[in-house]
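Work through the four exercises below with the model open beside you. Try each task before reading its solution.

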Amino acid sequence: MDFLIPIDLQSKTALYEQIYRYIRDAIKEQRLQAGERLASGRALAEHLHISRQTVSVAYEQLVAEGYVEAKKNRGYFVRAYDKSYDLSGTYKEEEKEATDKKEDVVFDLSPGGIDFSLFPLATWRKLAKETLRKDNIAIFSKGEAKGEYLLRSEIARYLYHSRGIRAKAKHIVLAAGTEQLFLFFAAAFAKRQHCHRKSELQTLVTFVCYHGAAGGGGGY
């Protein structure tokens, strides 16, 4: 594969997404044939003068959607493209409308916001695959209410070494996101007399700048 991938540093579209879209479209239009090897992440990153992690995120997205397959110690290769499985055209108008509605923000600090240019997607995917390959029935169990003990222990150790915070696993609660943690805290604070009034709970939440949840604990 050549290096002629146009990227626009001034575009609102993330760099990894520009690379992903270009290669995806090249595969759909058969400018890249099945079995053809993509440029290595390092070579492409050096040619485009961008982070190697950015290229890795784009490649992993292509793998996840089935356009490309990763072969150990060999690289990334184009997979045979089957048009019958392509439903993207159905959603072009919706995708364009959603793109037009995106706000011009510098940093996405929303509870569900993820900066994929910094998130170690390749490492996460590798660990996830290794975990699923193991004969580990425990991952399908309900688990502990506060979260897995070993993970909470590691977080406690990290907090001590990085922030000097003394904590134990029993002091840490894990959840799927900010919204779920808010429900936990709302229920816990509702049991305390000084948090029975809705206004006091709202003040607590607003202080941490989570305006969307302010007032959400009124039912407790």
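The exercises cover a helix, a hairpin, a pocket and a single tyrosine.

This is a predicted model: local features need pLDDT of at least 70, side-chain atom pairs count only at pLDDT 80 or more, and totals for chains, interfaces and linings use all residues. Residues are numbered from 1 along each chain as its sequence is written, and side-chain values use heavy atoms, with hydrogens and water left out.

**Exercise 1. Check the length and burial of helix H1 (residues 15-28).**

Step 1: Get the span. Helices are DSSP runs of H or I with at least four residues, strands are runs of E with at least two, and both are numbered from the N terminus. H1 has 14 residues and reaches 20 Å from its first C-alpha to its last. The expected span is 1.5 Å times one less than the number of residues. For H1 that expectation is 20 Å, and the model is close to it.

Step 2: Get the burial. Buried means under 20% relative accessible area, exposed over 50%, and partly exposed in between (1.4 Å probe, protein chains only). In H1, 10 of the 14 residues are buried. Among them are Tyr16, Ile19, Tyr20 and Ile23.

Step 3: Find the cover. It includes H2, H3, S1 and S2.

Step 4: Look past the end. Gln30 follows H1 and has a positive phi, near 60°.

**Exercise 2. Describe how S1 and S2 pair.**

Step 1: Count bridges. Two strands pair if DSSP finds at least two bridges between them. Four join S1 (residues 68-71) to S2 (residues 75-78), and the strands run antiparallel.

Step 2: Name a pair. Lys71 is bridged to Gly75 in S2.

Step 3: Inspect the turn. Three residues separate the strands of this hairpin, and Asn73 in the turn has a positive phi of about 65°.

**Exercise 3. Characterise the second largest pocket.**

Step 1: Take its volume. The space is about 700 Å³.

Step 2: List the lining. There are 22 lining residues, and Glu60, Ala70, Lys72, Tyr76 and Arg125 lie nearest the centre.

Step 3: Assign the sources. H2 (41-48), H3 (52-64), S1, S2 and H5 (121-133) each supply at least two residues. H5 gives the largest share, seven residues.

Step 4: Sort by class. The lining has five nonpolar, six polar and 11 charged residues.

**Exercise 4. Is Tyr160 buried or partly exposed?**

Step 1: Place the residue. Tyr160 sits in helix H6 (residues 149-163).

Step 2: Apply the cut-offs. Tyr160 is partly exposed because its relative accessibility is 39%.

Step 3: Find its contacts (heavy atoms within 4.5 Å). Leaving aside neighbours within four places in sequence, Tyr160 touches Ile165 and Arg166.

How values were computed: On a 1 Å grid over the protein atoms alone, a cavity is a set of points where a 1.4 Å probe fits but cannot get out, and a pocket is an open set with protein on both sides within 12 Å along at least five of seven lines; lining residues have an atom within 4 Å of a point. Grid points are joined across faces, edges and corners, and a volume is the space filled by probe spheres set on the points. Ala, Val, Leu, Ile, Met, Phe, Trp, Tyr, Cys and Pro count as nonpolar, Asp, Glu, Lys and Arg as charged, and the others, Gly among them, as polar.
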